[in-house]
Amino acid sequence: MKKNVFSLNDEIRSIYINPNETLLEVLRDKLGVKSPKCGCDSGDCGACTVLIDGKSVRSCLILAIEVDGSTISTLEGISKDGLSPLQKAFHEHNVFQCGYCAPGMILSATELLKKNPHPSEHDIKEAIAGNLCRCTGYIPVIEAILDFTKKD
Amino acid sequence: MQDYKYIGHSAERVDGIEKVSGAALYTDDLEFGPDLLYAEIVEGPHAHAMLNSIDTSEAEKVPDVLAVVTGKDFPFNFGLYMKDRYIFAQDRVRFYGEQIAAVVARTPIAAQKAAKLVKVNYTPLPKILDPLTAIQEGADLIHPELKNYDRVPWFFPTPDTNIAHHRKIRKGDVDKGFAEADYVLEDTYEVPRYSHCAIEYHAAVAKFDHSGRLTVWASSQSPHTQRNLFANALAPLGIRHNDVRVIVPHVGGGFGSKAGVTMEIIAAAIAMKVQGHPVKVMWNREREFYNTYQRLGVIAKLKIGVKKDGSITALKHDLYWDAGAYVEYAANVVNAVGLSAIGPYRVENASIDSYCIYTNLPPGGPYRGFGYSEFLFGLESHMDRIAQHLGIDPVEIRRRNAIKEGELTAYGAPMNPNGLLQAIDRVAEEVRWHEKLTSNDPNIAIGKGFSLFWKAPAMPPNASSSCFLKFNEDASINLLVSGMDLGQGFLTVMAQIAAEVLSIPTSKIRTENPDTDRNPYEWQTVASHVTWGCGNAVHKAAIDAREQIFDLIERTKHLPRETLYLEDEMVKCTTDPGFELLLKDFVIYGIQMEDGTFKGGPIIGRGSFMPEFTSTISDPETSQGGHPNVHYTVGAAAAIVEIDKQTGKVRIKKIVEAVDCGKALNPSLVKGQIVGGIMQGISTVLYEEMKFDHRGKMLNPNFTDYKIPTALDVPDEIIPIIIEVPQPDGPFGARGMGEHTMIPVAPMIANAIDNALGLRITSMPITAEKVCLALLKKEKKK
């Protein structure tokens, strides 16, 4: 067990972690943060995406001990002060269906727009290509992001 | 056209904010406290073997292990339409990875460690990995007990064979029809197995508490059906229906995989052995592939005869389904196709034989489209080939044969009102069917393909729905139904129906996935029937509530009820413009009279619906005489593709799809189903492929090796078209459309590839590799 200290959704957390625990396990099972989902446990589906120091990371592929000193954001943090304009756009467009991919998809889109507020359609596709969705056919996701950036 | 305030509008999803905010909880997100136990499954490493003995003694010694359970603990069979399934294997295993035992422990690690110590002794048996081998004379029997299994009366197994069900259609005179034909085309089409790939795994937590109550939290499409099957399967242990409670939080996709009962019964059963503790059974991505339902594979032999003008004179369709090791649900896929494999056409002489065949591959089961995607791949390919031979336009041949209202389906019942011709014309126009497209790049070939589709819900004739509608003090509503929102937007549409009848904003109606203790009965959320069936129940419940309101106003305000109406959360009166009474002033508290007493009480609407006109009773030799399907939803679609001749890679430029949903209660959600369904269809035709080795073991049970599309694979353009020819018995004229949208995709892509390259591919998937090799072969011949 090793003590780790990191910022999670703007709150400093310190926690004892086993060296073999993934960040996804620690977030969900030890810290009660449930928006990152497990959909493959091998980095293929992106449902477990979180932002570490602003960069999207598959939390099932990273050991929790590696994030000591980092700043981690999940959808819970993004939603803290009410829905972000991007979340609102997703809601207004009825983008998601089952919603299981939504946390990861929204974090990938959030990362993209921070780096590139006016992405092309291809930029958007590239940014969310690591987030698998079986319901929407992706087009509503892409259209909502495009529409949002046009309004901006 | 009637003006509606709430239906017909693209209302925001009632679960939308939960889903974009991360608040939505799924089964694995629920907390059960430190007493939660974990189960690990022991799987059989043979596709077919006798199970001689199981030694659990070493596993039981592992610290933190509470119980090891095996088939001996649950010597009962279960199943939805036919009881051919077991909670854990009994005397034999029938597919690679079948569950043999489960270890229940305090931690997942202890359970996994102990599961490896369970020793099982097998005698391998000859395995059968394809349906044609399984029906050969003298083939080994996978279910020697087949003839003794309980089943619904409309299933017809062939005793002492591997044919679990055989649905026959005999309509008109097929021999005469072929004799009258100017041209007959006969060929075989093959569609392999597919996986649903919902991103959320199957998950279940069960607790059998010390009072004897069994609660199951599950990711399910079918909470009441699960309760029913749990109660029936566990009845030998003294369980009754009202002892079982199934609670379903948000569900991360289903597509049929979470219909009926699969792994959930394992959680329910093992909870009985660790009374007092909640126990969790989680599938992982691998098991999602090999130990839940898979879409059935099929070998379809199709023969169609036509006159010179393209009109169909006879159709013979023989379908050999690879239904897998257990067919308790799959047999109904086979049945549904047996009834409908003429496609959306007027066919006076038809012969269909649909065979449900046991193999030693994982159990087949329901998958979006319920067999229609599979048989229409061949049928719609065939229609193009016939058109080509006769020199008739592919759209025109479909127009000429399209089934119209009142014409007879394969089983002899009249076709419902439908907008098939409208759909054909709208799609042809939108895709500019007659415009010839050419590429400037000699390496790129461009082609167009067309396909029709149809599908009926496949349900028992007494599949029913019900609804409770409760007013709250502020005239907001809790709408209790047991249909499931799997993402399709069902709950939003139910709220819109109630909103329309009661003139209350959709946003003031709360409706959530069910708890079988609180919410009234629903058969299952499958078959694309809930908008129609449960929508009817909600409509009735809202009218019931409205009539109670009018009763009360008539009784207390002495206004004639025929003058009363609801508008903007108030009761109003056509003859007294000054009369306005806010619903919130009386729907709970009642109306105060001059003497100080109150009349009324909480308004609670109640609605139930059963399609009372359906029947499965018919002549088993011909299937004539019954009315097994409630109605068909129809549509048309077209695709434009570009193919790279060097790599065989198909790029989809444009897809247009029109679906007749009767009435689009929420157009945004209808379009969401069209786009999502098309993408799932594209995935099956271009990308997905299950690989099994000689042992019957699936080789690619993960998203690295079993590819589903990403955002980079979407077509350049998808144009959804909504057709609205009302369904007379649907809520506001609506009928289901969720599954249908993926059905035309595979055949229209196959047709577009043929149009572009003159290459007819008769087996799915049509991967780049397959196109490329076929092209090379064609070049060599030249």
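## A tour of the core, a helix and the hollows

Start by selecting Val571(B): leaving out residues up to four places away in sequence, this valine touches Ile549(B), Phe550(B), Ile553(B), Leu564(B), Tyr565(B), Leu566(B), Phe579(B), Glu580(B), Leu581(B), Leu583(B) and Phe586(B). Contact here means heavy atoms within 4.5 Å.

Before you click on, a word about what you're looking at. This is a predicted model, in which local features need pLDDT of at least 70 and side-chain atom pairs count only at pLDDT 80 or more, while totals for chains, interfaces and linings use all residues. Residues are numbered from 1 along each chain as its sequence is written, chains are lettered from A and ligands numbered from 1 in the order in which they are written, and side-chain values use heavy atoms, with hydrogens and water left out.

**Stop 1: the cores**

Now add Phe90(A), Phe471(B) and Ile549(B) to your selection: with Val571(B), they have the most contacts inside the largest nonpolar core, a set of 294 residues. A nonpolar core is a set of buried Ala, Val, Leu, Ile, Met, Phe, Trp, Tyr and Cys residues joined through side-chain atoms within 4.5 Å. Buried means under 20% relative accessible area, exposed means over 50%, and partly exposed is in between (1.4 Å probe, protein chains only).

Which helix gives the most to this core? Select residues 530–557 of chain B: that's helix 14, with twelve residues in the core. Helices (H or I, at least four residues) and strands (E, at least two) are DSSP runs, numbered from the N terminus.

There is also a second, separate core of 19 residues, including Val93(B), Ala111(B), Ala115(B) and Val118(B). In soluble globular proteins, nonpolar side chains tend to be buried together.

**Stop 2: two helices in chain B**

Keep Ala111(B) and Ala115(B) lit up, and add Ala110(B) and Ala114(B): these are buried residues of helix 3, residues 108–115. Look down the axis of helix 3 of chain B: its buried residues fall within an arc of 130°, so they line one face of the helix. (The arc is that of the directions from the helix axis to the C-beta atoms.) An α-helix has 3.6 residues a turn, so residues three or four places apart point the same way.

What do those buried residues pack against? Show strand 1 (37–43), helix 2 (57–60), strand 3 (65–70) and strand 7 (99–105) of chain B, and you have their partners. Then spin to the other side of helix 3 of chain B, where Ile109(B) and Lys113(B) are exposed.

For another view, select helix 7 of chain B, residues 264–271: eight of its eight residues are buried. Among them are Glu264(B), Ile265(B) and Ala271(B).

**Stop 3: the largest pocket**

Next, select Glu25(A), Asp29(A), Tyr38(B), Pro108(B) and Gln112(B): of the 40 residues that line the largest pocket, these are the closest to its centre. The pocket has a volume of about 1,500 Å³. Helix 1 of chain A supplies the largest share of the lining, five residues. By class, the lining has 17 nonpolar, eight polar and 15 charged residues.

Some terms: on a 1 Å grid over the protein atoms alone, a cavity is a set of points where a 1.4 Å probe fits but cannot get out, and a pocket is an open set with protein on both sides within 12 Å along at least five of seven lines; lining residues have an atom within 4 Å of a point. Grid points are joined across faces, edges and corners, and a volume is the space filled by probe spheres set on the points. Ala, Val, Leu, Ile, Met, Phe, Trp, Tyr, Cys and Pro count as nonpolar, Asp, Glu, Lys and Arg as charged, and the others, Gly among them, as polar.

**Stop 4: closed-off spaces**

How many cavities of 30 Å³ or more does a search of the whole structure find? Nine. For the largest, with about 590 Å³ of space, select Gln488(B), Ser528(B), Gln673(B), Gly738(B) and Glu739(B), which lie nearest its centre. Helix 15 of chain B gives the largest share of its lining, three residues.

The second largest cavity holds about 120 Å³. Trp154(B), Asn335(B), Leu339(B), Thr616(B) and Pro628(B) lie nearest its centre, and helix 9 (residues 330–340) of chain B gives the most to its lining, with four residues.

**Last stop: Thr149(A)**

Finish in helix 6 of chain A, residues 139–151, where you'll find Thr149(A). Is Thr149(A) buried or exposed? Thr149(A) is buried, with a relative accessible area of 6%. Leaving out residues up to four places away in sequence, Thr149(A) touches Leu113(A), Pro117(A), His118(A) and Pro119(A).
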